[in-house]
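User: I've got this one open and I'd like to check a few labels against the numbers behind them. Can we go through them one by one?

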Amino acid sequence: QVQLVESGGGLVQPGGSLTLSCAASGRTFRNYMMGWFRQAPGKEREFVARISWSGLTTAYADSVKGRFTISIDNIKNTVYLQMNSLKPEDTAVYYCNVVNVPTMTPGDYWGKGTLVTVSS
C-alpha cells in the first residue's frame, strides 16, 4: 500500500497560480502511473492529469489542458501539479493517487487531499 500526502492548496484569485505536491511513501508504486484527481462540491471526483514514473508520458483532462502541468521527481517520490490561469470552476479538493495500467483507473485508497479555492 502506498501512502499519499497532498499539500500546497490554498486561496488564490482568478488568473493566479498554485503548485500542489504529493509525497508518496510505502510500497513501491513504480509499476503504475501517478495521477491527480479533484472533487468539487456536489460533483463526482474527476480525473485531472496523469504521468508515468519516468515522466515521459502525460495526459490531461480537456478542462485543464494548456493551464496545468504535471511533473514527477522520481528520486524524491514526489508528484507535482503546476496550475496556472486558475478559474473559479477549478475550486475543488485535489487528490493524488496511483493510476493502474492498463485500465487507467485510480487506486482504492485516497489521502485527505488539499483544498484549492479560486475566488475574488
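User: What makes β1 and β3 a strand pair?

Analyst: This is a predicted model, and in it six bridges join β1 to β3 (residues 18-26). Pairing takes at least two bridges, so β1 and β3 qualify, and they run antiparallel. As one example of the register, Gln3 stands opposite Ser25 in β3.

User: Where does that pair sit in the sheet, and why are β1 and β7 at the edges?

Analyst: The open sheet has four strands in the order β1-β3-β8-β7, with antiparallel pairing. β1 (2-7) and β7 (68-73) each have a single partner strand, so each has one side without a neighbour in the sheet. On average, neighbouring strands here are turned by 20 degrees against each other, ignoring direction.

User: Why is Thr114 called buried?

Analyst: Its relative accessibility is 9%, and buried means under 20%, so Thr114 is buried. Thr114 is in strand β10 (residues 114-118). Leaving aside neighbours within four places in sequence, its contacts include Glu6, Leu20 and Val93.

User: What makes Thr114 and Gly9 a polar contact?

Analyst: A polar atom of the Thr114 side chain lies 2.9 Å from the backbone nitrogen of Gly9. The cut-off is within 3.5 Å, so the distance fits.

User: On to the rings. Why is the pair of Phe37 and Phe47 called edge-to-face?

Analyst: The structure holds three aromatic pairs. In this one the ring centres are 6.1 Å apart and the planes stand at 70 degrees. Pairing needs centres within 6.5 Å, and edge-to-face needs planes over 60 degrees apart, so both conditions are met. Phe37 is in β4 (residues 33-39) and Phe47 in β5 (residues 46-51), so the pair ties together parts 10 residues apart in sequence.

User: And how do you know whether Phe37 and Phe47 are buried or exposed?

Analyst: Phe37 has 5% relative accessibility, so it counts as buried. Phe47 is at 27%, so it counts as partly exposed; that label covers values between 20% and 50%.

User: What makes Phe37 and Trp110 a pair that links distant parts of the chain?

Analyst: Phe37 and Trp110 are edge-to-face, 5.3 Å centre to centre with 90 degrees between the planes. Phe37 is in β4 and Trp110 in the loop between β9 (92-99) and β10, 73 residues apart. Ring pairs link Phe37, Phe47, Tyr95 and Trp110 into a cluster.

User: How do you know that the charged end of Arg45 sits over the ring of Trp110?

Analyst: The charged end of Arg45 is 3.7 Å from the ring centre of Trp110, and the distance limit is within 6 Å. Arg45 also lies over the face of Tyr95, at 5.1 Å from that ring centre.

Conventions: Residues numbered from 1 in each chain as written. Predicted model: local features only at pLDDT ≥ 70, side-chain atom pairs only at ≥ 80, totals over all residues. Heavy atoms only, no water. Helix = DSSP H or I, 4+ residues; strand = E, 2+ residues; numbered from the N terminus. Axes fitted to C-alpha atoms, helices over the stretch in contact; angles between N-to-C directions. Buried < 20%, exposed > 50% of the residue type's maximum accessible area, 1.4 Å probe, protein only. Polar contact = N/O pair within 3.5 Å; in protein donor to acceptor, adjacent residues only side chain to side chain. Contact = heavy atoms within 4.5 Å. Phe/Tyr/Trp six-rings, centres within 6.5 Å; stacked < 30°, edge-to-face > 60°. Lys NZ or Arg CZ within 6 Å of the ring centre and 35° of its normal.
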